[in-house]
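Here is a small set of exercises to work through with the structure open beside you. Try each task before you read its solution.

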There are 2 protein chains.
Amino acid sequence: MRQPLASIVTAGLSKFGKREGKYSRELFAEALYEALDRCQNIQLKDIQAAFIGQMSGSFEHQEHTAPTVLEWSNLLSCEGFRVESACASSGIALHMGIIAITSGLYDIVLVGGVEKMTHRSTPEVTDILAMAADFPFEQWHGLTFPGLYALMAVAHMNKYGTTEEQMALVAVKNHSNALLNPKAHMHKEVTVEKVLSSRVIAWPLKLYDCSLISDGAACLILTRPEIARKYTDTPVHIIGVGQGHDTIGLYSRDSLTSLKAAKTAAQKAYKMAKIEPKDINVAEVHDCFTIAEIIAYEDLGFCKTGEGGRLIEEGETFIGGRIPVNTSGGLKAKGHPVGATGAAQAYEIYLQLIGEAGKRQISNATIGLTHNVGGSGASATVHIFMRGD
Amino acid sequence: MRQPLASIVTAGLSKFGKREGKYSRELFAEALYEALDRCQNIQLKDIQAAFIGQMSGSFEHQEHTAPTVLEWSNLLSCEGFRVESACASSGIALHMGIIAITSGLYDIVLVGGVEKMTHRSTPEVTDILAMAADFPFEQWHGLTFPGLYALMAVAHMNKYGTTEEQMALVAVKNHSNALLNPKAHMHKEVTVEKVLSSRVIAWPLKLYDCSLISDGAACLILTRPEIARKYTDTPVHIIGVGQGHDTIGLYSRDSLTSLKAAKTAAQKAYKMAKIEPKDINVAEVHDCFTIAEIIAYEDLGFCKTGEGGRLIEEGETFIGGRIPVNTSGGLKAKGHPVGATGAAQAYEIYLQLIGEAGKRQISNATIGLTHNVGGSGASATVHIFMRGD
């Protein structure tokens, strides 16, 4: 295994859900203050730079995210960078934070993400999210994200025999996990029958195949591995990072049944970490739609290509299975405030690796992975984390 | 003087102006291909990461900027990061590129910015630009950017006796410089009388006190200073960078007559570069409104506080003066495609330092500076450049 690139010394997450009357800046401060409470050795004044993911200024008619958020968190003296890569915004922000730590220019940086969405109507949210798809070649023709992922689902069903029941099982698992996560948006058990009989959004995707429109924020504080133990007895090291891209439009991809960007990101991250998929103990993957989690299993090498449906059917990705996925409840049930998602995934893995995941704790987790995808897969990032021993 | 942080080996700029029928992605490619033409030793495949500034997805209903732009430039194999900090987006992207080079993780990175604005009506542009101001405390009450800078202008006039004529001289100078820049948006000489008699936008700011709504893109290719001469005989080194922040709302600032964010950024950059304001031979500053250039003179230490109006009146910042400012024509006349501006400023300084600024060339320029401001000054960044000898 390689030397760590950077180490997480603390992390925080706001409650996800409908956070009426809250602005992004307030949600971010909520996450940050949890992180500071968790690690008394870090003070606001120690933070030298902040890398903050947010997808769109359109939700709150507010760009200039970094100073807006920094002011509210009493962090105006630090440097601030807002990063956008659609739903992978804070995964990419984490990547930037790692680069910053590696540069040696900073000892301590803040990484995070935030989005406030629920004050908008569903058509408005759908329209704003569509900005992550190609304007002239997709949006213009009426394609929105349920439609794009439905195209992938149909292709996967046709090519590999993946079933609606297998997709429904992803929802069943993630809703079940969310019941164990007090900060999850939705605490509601669902059954395969309930998913299958829910209203069709874009066939074969039904209501319960879709992730939740949520409000929330997440953050991590990173430092150089050599000095991590000055701040905490339980650092979590980042040992691999990968980023990949593909065409913005789905129509010009080589494949509809796998995300090249995610495969590229995963290969780079595994290579850098000098580990293999079988070494991963726990993972948070980008289940914006249930089919996306099945494709993620394959792109990450948790199973062979085409066997993602079987992997969930065999229970391997449930808590207690070989490789538990989305113990937090995932985008599906914890919620998907898009700009916060990548950092929130890392927060969950951080909790699992330090043994503070409560009722959803995996036993003996040493290595974890996050998989964060932008739009229909024009960008993706994979991070690999290791418990500091 | 300090060791360089990073070196520019080439740079490119699209034509600025009304670029009808072009998308951001096409404008960015235009800038990139100039950069590649200028330096035959750099190929697309050499670029490992790209840091791209863009202010708002709202102009083109298109977020997910990095992969969109990378695809069009045939750069999908490189890492991509979109950075937003309102009108300082690509100045902050340049900062991020410098951090990336310093990390040692990359040999060659692309930095740039782009915005496409002119397909929108003026009220739409005004509304989108207002997203750089505070939503609950400014936008909601009807404040837009001409109004915010008008408040600063009035305060400066009251406190220091700055006159409308002095502000008009900034426009006269920058329009005159733009006549020497083939890529400038507007080629039109203006006189003090013409500025003073133009229509009032937000008193004391009149039409010719305001910068231009433009389309355009700019980019720079950076490498590690140790290897810069592998690629070019005329590298330009970056020897200082500073970033500063202030409250997003103007109402809660300590001062209306100076930008704390810009002063902080300048102090950090000068300190890092180990130089003083008097060492600067040429500068591009953020003249979104004429008053902003006068305030910039003071914040950057080109004159004493309160004496910015006198500095322009005495001709010191004209080509041929002690410290020529905005030889490109500035935001005022070259144009202000907001996300492109920071990188376009660096492009101009690059040309001046390698002696390729054509009819607007300054003689014996060794050290240059850029000053890029977000919104009304909640973010700012200053970079200092030195000709490689």
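**Exercise 1. The two chains together**

Task: Find how many residues of chain B are in contact with chain A, and sort the side of chain B that touches chain A by class.

Solution: Keep in mind that you are looking at a predicted model.

- Step 1. Start with the count: 44 residues of chain B contact 44 residues of chain A.
- Step 2. Next, look for the elements of chain B behind this side. Helix H2 (65-72), strand E3 (79-84), helix H3 (89-103) and strand E8 (236-245) each supply at least two of its residues.
- Step 3. Now sort the residues on the chain B side: 18 are nonpolar, 19 are polar and seven are charged.

**Exercise 2. Strands that meet across the chains**

Task: In which sense do strand E3 of chain A and E3(B) run, parallel or antiparallel, and what is the bridge partner of Val83(A)?

Solution:

- Step 1. Locate strand E3 of chain A at residues 79-84; three bridges join this strand to E3(B).
- Step 2. Follow the directions of the two strands, and you will find them antiparallel.
- Step 3. Go to Val83(A): its bridge partner in E3(B) is Val83(B).

**Exercise 3. A covered strand in chain A**

Task: Decide how many residues of strand E4 (108-115) of chain A are buried, then find the strands that pair with E4(A).

Solution:

- Step 1. A residue counts as buried if 20 or more other C-beta atoms lie within 10 Å of its own. By that test, eight of the eight residues of E4(A) are buried.
- Step 2. Split the strand by direction. Ile108(A), Leu110(A), Gly112(A) and Val114(A) point one way, while Val109(A), Val111(A), Gly113(A) and Glu115(A) point the other way, and all are buried.
- Step 3. Look for the parallel partner: E2(A) pairs with E4(A) over five bridges. Here Ala50(A) has Leu110(A) as its bridge partner.
- Step 4. Look for the antiparallel partner: eight bridges join E4(A) to strand E7 (residues 216-223) of chain A. Opposite Val114(A) in E7(A) stands Ala217(A).

**Exercise 4. Helices that cross**

Task: Describe how H3 packs on H12 in chain A and in chain B, then do the same for H6 and H9 of chain B.

Solution: Two packed helices are described by the angle between their axes and the distance between the axes.

- Step 1. In chain A, helix H3 (residues 89-102) and helix H12 (residues 341-354) pack at about 70°, with axes 5 Å apart. Angles of 65 to 115 degrees count as roughly perpendicular, so H3(A) is roughly perpendicular to H12(A).
- Step 2. List the residues that meet: Ser89(A), Ser90(A), Gly91(A), Ala93(A) and Leu94(A) from H3(A), with Thr341(A), Gly342(A), Ala343(A) and Ala346(A) from H12(A). By class, this contact has four nonpolar, five polar and no charged residues.
- Step 3. Turn to chain B, where H3(B) and helix H12 (residues 341-354) have an angle of about 70° and axes 5 Å apart. H3(B) and H12(B) are therefore roughly perpendicular. Their contact has four nonpolar, five polar and no charged residues.
- Step 4. Now take helix H6 (residues 164-178) and helix H9 (residues 290-299) of chain B, which pack at about 95° with axes 8 Å apart. This makes H6(B) roughly perpendicular to H9(B).
- Step 5. From H6(B), Gln166(B), Met167(B), Ala168(B), Val170(B) and Ala171(B) meet Thr290(B), Ile291(B), Glu293(B) and Ile294(B) of H9(B). The classes here are six nonpolar, two polar and one charged.

**Exercise 5. Backbone angles to check**

Task: Where is the place of Pro204(A), and is His61(A) buried or partly exposed?

Solution: Most residues other than glycine have a negative phi, and most peptide bonds are trans.

- Step 1. The peptide bond from Trp203(A) to Pro204(A) is cis, with omega near 5°. Pro204(A) sits in the loop between strand E5 (200-202) and strand E6 (205-206) of chain A.
- Step 2. In chain B, the bond from Trp203(B) to Pro204(B) is cis, with omega near 10°.
- Step 3. His61(A) is not a glycine, yet has a positive phi of about 50°. His61(A) lies in the loop between strand E2 (49-53) and helix H2 (65-72) of chain A, and with 15 other C-beta atoms within 10 Å, His61(A) is partly exposed.
- Step 4. Asn326(B) is not a glycine either, and has a positive phi of about 60°. With 29 other C-beta atoms within 10 Å, Asn326(B) is buried.

Key: Residues are numbered from 1 along each chain as its sequence is written. Chains are lettered from A and ligands numbered from 1 in the order in which they are written. This is a predicted model: local features need pLDDT of at least 70, side-chain atom pairs count only at pLDDT 80 or more; totals for chains, interfaces and linings use all residues. Axes are lines fitted to C-alpha atoms, for helices over the stretch in contact, and angles run from 0 to 180 degrees between N-to-C directions. Helices (H or I, at least four residues) and strands (E, at least two) are DSSP runs, numbered from the N terminus. Angles under 35 degrees count as roughly parallel, over 145 as roughly antiparallel, 65 to 115 as roughly perpendicular and the rest as oblique. Two residues are in contact if their C-beta atoms, placed from the backbone, lie within 7 Å. Ala, Val, Leu, Ile, Met, Phe, Trp, Tyr, Cys and Pro count as nonpolar, Asp, Glu, Lys and Arg as charged, and the others, Gly among them, as polar. Two strands pair if DSSP finds at least two bridges between them. A residue is buried if 20 or more other C-beta atoms lie within 10 Å of its own, exposed if 12 or fewer, and partly exposed in between; C-beta atoms are placed from the backbone.
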